[in-house]
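Thank you all for coming. I would like to take you through one structure this morning, and I suggest we look at it together before I say anything about it.

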Amino acid sequence: MKRHSPSRSIFIFSTIFSIWTAFGHEQIQSIGEIPRKMQLHCAKNPTLKPFLFTDLDDTLIKSTHPLGWGSDKWFSTMYSHLKTHNIKNPLDIIFGVVTFVNAFFADQATDEQFITKTEEIVPKALNSIKMERIPVFGLTARTFILKDFTQKYLNDLGIVFSRINNPTGEDIVINEETAWKAIYSNGTIFCSGNNKGKIILEFFDKFEKLDTREIIAFAVDDQAANLDKIQQALQQKGITCVCFHYVPKETNPDFKLDSITLSWLNLIIRNNQTEH
């Protein structure tokens, strides 16, 4: 039986461990932890230019609608339901449903507190980061169709992102090669369901034109899968990346779709099966 030397065994273990931790994220329970954590990382990398990209839904803002409409869990559960029934392009359907729902209670969302901050400290934490001259951008999977509605209640909640130097002040398309284009609008990047990591890279290419070796990008999201994609895309381009996985104490692990949403989706599924 062939035996490996201790040094070879250590090397194999170290390789496996480095792969396992390659996309390790720093877990946080409060958005208020981010400024201090960023400060520590920036102190270790004083020559790098920092940027912060932060998710919106269930990270900075949350839905308190009785049926869960507009929450991340509502979105992801719809996606899983459609995929289970072999719907090829679930995002097309979901964005249609989301657009309808948001239009349904657009005028009453903040008045009836259907959309609130995840924590009261959110605006203060973001403002403290911007005070350090660090750009802070929203990074959401939402479709660009919802940009005006989204911007309205972000403003109402006191959440304001950094602005790029854009003399026209118009929205800028970051990627229009996919079915749902990604755009930049008033400090928020609407990924429209596209890979967040790739969209960040295209954002840098379009606006900043920086040497990737000069950047340290921070990202915060409540979905670890999104952070995996961000870290993988940025590290492949040589960009130093630090990800914060937002895991608040208040969670809803037993979320189920309401009967209204299910009836919409099942009608679409039946129509799709009839066509095929």
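How many bridges join strand 2 to strand 5? Please keep in mind, as we go, that this is a predicted model. There are 3 bridges between strand 2 and strand 5, which covers residues 136-140, and these two strands run parallel. If you would like a place to rest your eye in that pairing, Leu52 stands opposite Val136 in strand 5.

Strand 2 is also joined to strand 9, residues 215-221, through 6 bridges, and this pair runs parallel as well; here Phe53 has Ala219 of strand 9 as its bridge partner. Of the 6 residues in strand 2, which spans residues 49-54, 5 are buried, and so the strand is largely enclosed by the rest of the structure.

Let me turn now to the helices. The axes of helix 2, residues 34-44, and helix 5, residues 122-131, come within 9 Å of each other and cross at roughly 25°, which means that helix 2 is roughly parallel to helix 5. Where they meet, helix 2 brings Ile34, Pro35 and Met38, while helix 5 brings Ala125, Ser128 and Ile129. Sorted by class, this contact has 5 nonpolar residues and 1 polar residue, with no charged residues.

Finally, in helix 6, which runs over residues 147-156, the buried residues are Lys147, Phe149, Thr150, Gln151, Tyr153 and Leu154. Just after helix 6 you will find Gly158, which takes a positive phi of about 80°.

How values were computed
Residues numbered from 1 in each chain as written. Predicted model: local features only at pLDDT ≥ 70, side-chain atom pairs only at ≥ 80, totals over all residues. Heavy atoms only, no water. Axes fitted to C-alpha atoms, helices over the stretch in contact; angles between N-to-C directions. Helix = DSSP H or I, 4+ residues; strand = E, 2+ residues; numbered from the N terminus. Parallel < 35°, antiparallel > 145°, perpendicular 65-115°, else oblique. Contact = heavy atoms within 4.5 Å. Nonpolar A, V, L, I, M, F, W, Y, C, P; charged D, E, K, R; others polar. Buried < 20%, exposed > 50% of the residue type's maximum accessible area, 1.4 Å probe, protein only. Pairing = 2+ DSSP bridges.
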